[in-house]
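Colleague: Please take a close look at one part of this model, the surroundings of a single cysteine, and then work outwards from there to the strands and the pocket.

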Amino acid sequence: MRMIRRQRPRIRITILVVTALVALPAVAQTDWEVVKTFQIGGPGSWDYLTVDPGTHRLYVPRSTHTMVIDSETGKTLGDIPGQKIAHGVAVVPEAKRGFISDGGGEGAVVVFDLETHSILGALTAQPDADGIIFDSYSGRVLVVSGDKGVLMSLKPDIDPKNGKIDAPIELGGAPEFLASDGAGKVYINLMDKNEVAVVDIKARKVVARWLVARGGAPVGMSIDSKQHRLFIGCRKPQKLIVMSTEDGKVVADLPIGESVDATKIDGGQAFASCRDGSLTVAAEAAPGKFEVVQTVKTRTGARTMEMDPTTHKIYLPTAEFGEPRPGSKGAPTKPDTFMIVVVARHGSK
């Protein structure tokens, strides 16, 4: 009996410790870190990355060409030439095609084969063809033109040599990036207007305009369709804006680094990548209340990113930089130093 009485306090303590560990917030157990860096090299700058989760291939625009990279090994699988200023890529596995927005000259959308990486054709678009996505609701590839202030659309099975893009939708501002809710609405950042244009893709017109209050110069955008929220990266001031897709109400505004270019969401967390080498991680601490839970140090220049939703890995392109030249706006990129920084949860490989 004495032995039993002595052991009871130990049992209670053990239960309390286990309960406390279970009660720890999820964000404390899922810290993010740089797990590897792919040294890629090659000429050209970079812009929006796109991942194909089914093949784990990264499509990386490099100004005049677009590289295809194995997201697990960093091996270059292909290189698609012939662009003037490549900005982004949309992949449509069902059509076995990919689409590159080329903002140079008069603008174009380059169509290529996902298996062979060969160019199938180039469609005439608008100057400064930039952000590009595939919208499952309309079954169309959507592309914005920053200079012309329009949204363009095309069917994935379009004749890549003789086909014509649909009549553009006027946006009333300079678009940067966009997101679809998969139910008929497309949300587009208008950088010069400090607002989000809401497009009814079936009616092919803007049906609402929402200010990114407490933020400005919206650039990056991602959407949580289930929770009806947009995550918008703003540069002036530097904010991560959380906005309701139901009425445009700003739910939260959080501090981020300098020159954000992309936002992503994963497992209830939001991410904002910035040129200053910071990756801000935010989470909903309580219903409607968001907070920054971590700032990951990446590398200078890693302003944009992509996330593979199946592996939960984040890919951030950048390079090494030299000393700024007198009168220049920034530091020059060192030749052949292009790399992709990979960020994952602690303990991942």
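Modeller: C234 is buried, with a relative accessible area of 0%. The model is a predicted one, and every value below is computed from it.

By the distance rule the count of disulfides comes to zero. C234 is in no disulfide, and the nearest cysteine sulfur, that of C274, is 11 Å away. The cut-off for a disulfide is a pair of cysteine sulfur atoms within 2.5 Å. Seen from the other end, the cysteine sulfur closest to that of C274 is in C234, and 11 Å is too far for a bond. C274 is also buried, with a relative accessible area of 0%.

A residue in contact with C234 is A217. A217 is found in the loop between β16 (205-211) and β17. With a relative accessible area of 8%, A217 counts as buried, because the limit for buried is under 20%. Not counting residues up to four places away in sequence, A217 touches M191, N194, G233, C234, R235 and K236. For M191 there is also a backbone distance: the C-alpha atoms of A217 and M191 are separated by 4.6 Å, although the two residues are 26 apart along the chain.

Next come the strands at this place. Strand β17 covers residues 218-224 and is mostly covered, with seven of its seven residues buried. Six bridges join β17 to strand β18 (residues 229-235), and the two run antiparallel. G233, one of the residues that A217 touches, stands in β18 opposite G220. The hairpin of β17 and β18 has four residues between the strands, and there H228 takes a positive phi near 60 degrees.

Another hairpin can be set beside this one. Strand β23 (residues 278-286) and strand β24 (residues 289-297) pair in the antiparallel sense over eight bridges. T280 stands opposite T295 in β24. Two residues lie between the strands of this hairpin, and G288 takes a positive phi near 80 degrees.

β17 also leads to the pocket. Among the elements that give two or more residues to the lining of the largest pocket are β17, β21 and β25. The others are β2, β5 (76-92), β9 (129-135) and β13 (175-180). About 1200 Å³ of space lies in this pocket. Its lining has 41 residues, of which I133, F134, I223, K264 and E306 lie nearest the centre. β21 gives the largest share of the lining, six residues.

D266 is found in strand β21 (residues 260-266). D266 is buried, with a relative accessible area of 9%. Leaving aside neighbours within four places in sequence, D266 is in contact with W32, F271, M307, H312 and R345.

M307, one of these contacts of D266, stands opposite I314 in β26. β25 and strand β26 (residues 313-318) pair in the antiparallel sense over three bridges. Both strands belong to an open sheet of four strands, in the order β1-β27-β26-β25, with antiparallel pairing. β1 (32-39) and β25 (306-308) are the edge strands, and each pairs on one side only. On average, neighbouring strands of this sheet are turned by 25 degrees against each other, direction ignored.

The pocket lining also takes residues from β2 and β5, and these two strands appear in a further sheet. This open sheet has seven strands in the order β2-β3-β4-β5-β6-β7-β8, again with antiparallel pairing. β2 (50-52) and β8 (119-124) stand at the edges with a single partner strand each, so one side of each is left without a neighbour in the sheet. Neighbouring strands here are turned by 25 degrees against each other on average, direction ignored. Within the sheet, strand β6 (residues 97-102) and strand β7 (residues 108-113) pair in the antiparallel sense over six bridges. The bridge partner of D102 in β7 is A108.

To return to the starting point, C234 is buried and is in no disulfide. A217 touches C234 and is found in the loop between β16 and β17, while β17 gives residues to the lining of the largest pocket.

Conventions. Residues are numbered from 1 along each chain as its sequence is written. This is a predicted model: local features need pLDDT of at least 70, side-chain atom pairs count only at pLDDT 80 or more; totals for chains, interfaces and linings use all residues. Side-chain values use heavy atoms; hydrogens and water are left out. Buried means under 20% relative accessible area, exposed over 50%, partly exposed in between (1.4 Å probe, protein chains only). Two strands pair if DSSP finds at least two bridges between them. Axes are lines fitted to C-alpha atoms, for helices over the stretch in contact, and angles run from 0 to 180 degrees between N-to-C directions. Contact means heavy atoms within 4.5 Å. On a 1 Å grid over the protein atoms alone, a cavity is a set of points where a 1.4 Å probe fits but cannot get out, and a pocket is an open set with protein on both sides within 12 Å along at least five of seven lines; lining residues have an atom within 4 Å of a point. Grid points are joined across faces, edges and corners, and a volume is the space filled by probe spheres set on the points.
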